[in-house]
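User: I am new to this structure and would like to be guided through some of its features. Please begin with the surface and then turn to the interior.

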Amino acid sequence: MQKQKFTLIELLVVIAIIAILAAMLLPALSKARGTARRISCVNNLKGVAQGAALYSMANDDYLPPGSNRWNYSAYIADAMNLPYIMKPTQAVIPTLNQMINNNNYAPTNKIFICPAQGLTYKYNNESPSVAGGPILLSSTYRPTHGAPVGGRPYAGWSSSLVGSTSSADYLPKKLNEVLDNSVVMGEVAPQAVHSNGSNFNVLVETSNPMTNYYMNNPDQIANWDQKAYFIRHGGVANFLFKDNHVETLKHGLGWSSWIPSR
């Protein structure tokens, strides 16, 4: 018996059906991948909270310093005994002091980096132009900062001088000094490139602190580096609260002393 063969038209019909099904499934798969990354980001922040609690228990209830782009991550990595991930050409594990004071030694453990963050930076996801060496990611989370309001406890992770926007003025404080129900950490975008010559480049956060004041300002190119970043997760971002729970909040909420209006 002669085997029946597919005609060209039948093959084209099958291919067309497969293409239609793929077009229908790809958006769903992309959405599922985005959801998985957002959930993984939530788990990262919960892990950071555990590390902050370990540091706090060993340091008279003080939270790790969060005055610059990355130093909180160095303290937490040390408290959690996370293995240091060596960067290109590095042969010796740096000391805690080196990790705190030099971004070339900042921890790059996955717990500090949102899985949805690619090798892009700034508010519009630009691709950095660098000369030589791979591009690495530093922390994509940042402690919040705020001054006391109306005699109440400080809002946010670190205390600040009233009216100051300088990161040098942001000091560590005790957990019991933090305002209840307030956000202590949020997602931020990489805003600059630190180059280590031809060895490697690091995408880092802005040197400007993330403050409640800027969260309530209309979005502008000039203030994106002082606000939480909502683009990675499609208009929402993850926030860590004082009691160590994490919430996914949408863009455009009003904020009062780092407490969102839901």
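User: Which residues make the nonpolar surface patch, and what is its area?

Analyst: This is a predicted model. The nonpolar patch is made by Ile9, Val13, Ile17, Ile20, Leu21, Met24, Leu25, Leu26 and Leu29. One of its members, isoleucine 20, is placed in helix H1 (residues 8-58). The area of the patch is about 930 Å².

User: Why does the pair of phenylalanine 239 and tryptophan 255 tie together separate parts of the sequence?

Analyst: The search of the whole structure finds 8 aromatic pairs. Among them is the pair of phenylalanine 239 and tryptophan 255, with 5.2 Å centre to centre and 50° between the planes, a tilted arrangement. Phenylalanine 239 belongs to strand E8 (residues 236-241) and tryptophan 255 to strand E10 (residues 255-256), so the parts tied together are 16 residues apart in sequence.

User: Are tryptophan 255 and tryptophan 258 buried or exposed, and which aromatic cluster holds them?

Analyst: Tryptophan 255 and tryptophan 258 form an edge-to-face pair, at 5.4 Å centre to centre and 70° between the planes. Both tryptophan 255 and tryptophan 258 are buried. The cluster consists of Phe230, Phe239, Trp255 and Trp258.

User: Which strands stand at the edges of the open sheet with the order E1-E7-E6?

Analyst: The 3 strands of this open sheet have mixed pairing. Strand E1 is joined to strand E7 (residues 201-204) by 3 bridges, and these two run parallel. Each edge strand has a single partner strand, so one side is left without a neighbour in the sheet; the edge strands are E1 (135-137) and E6 (192-195).

Methods
Residues are numbered from 1 along each chain as its sequence is written. This is a predicted model: local features need pLDDT of at least 70, side-chain atom pairs count only at pLDDT 80 or more; totals for chains, interfaces and linings use all residues. Side-chain values use heavy atoms; hydrogens and water are left out. Rings of Phe, Tyr and Trp (its six-membered ring) pair if their centres lie within 6.5 Å; planes under 30 degrees apart count as stacked, over 60 as edge-to-face and the rest as tilted. Helices (H or I, at least four residues) and strands (E, at least two) are DSSP runs, numbered from the N terminus. Buried means under 20% relative accessible area, exposed over 50%, partly exposed in between (1.4 Å probe, protein chains only). Patches are made of residues with over 30% relative accessible area and no salt bridge: like charges are joined within 9 Å, nonpolar side chains (Val, Leu, Ile, Met, Phe, Trp, Tyr) within 5 Å. Accessible areas come from the Shrake-Rupley method with a 1.4 Å probe; for residues, only the protein chains shown count as cover. A salt bridge is a side-chain nitrogen of Lys or Arg within 4 Å of a carboxyl oxygen of Asp or Glu. Two strands pair if DSSP finds at least two bridges between them.
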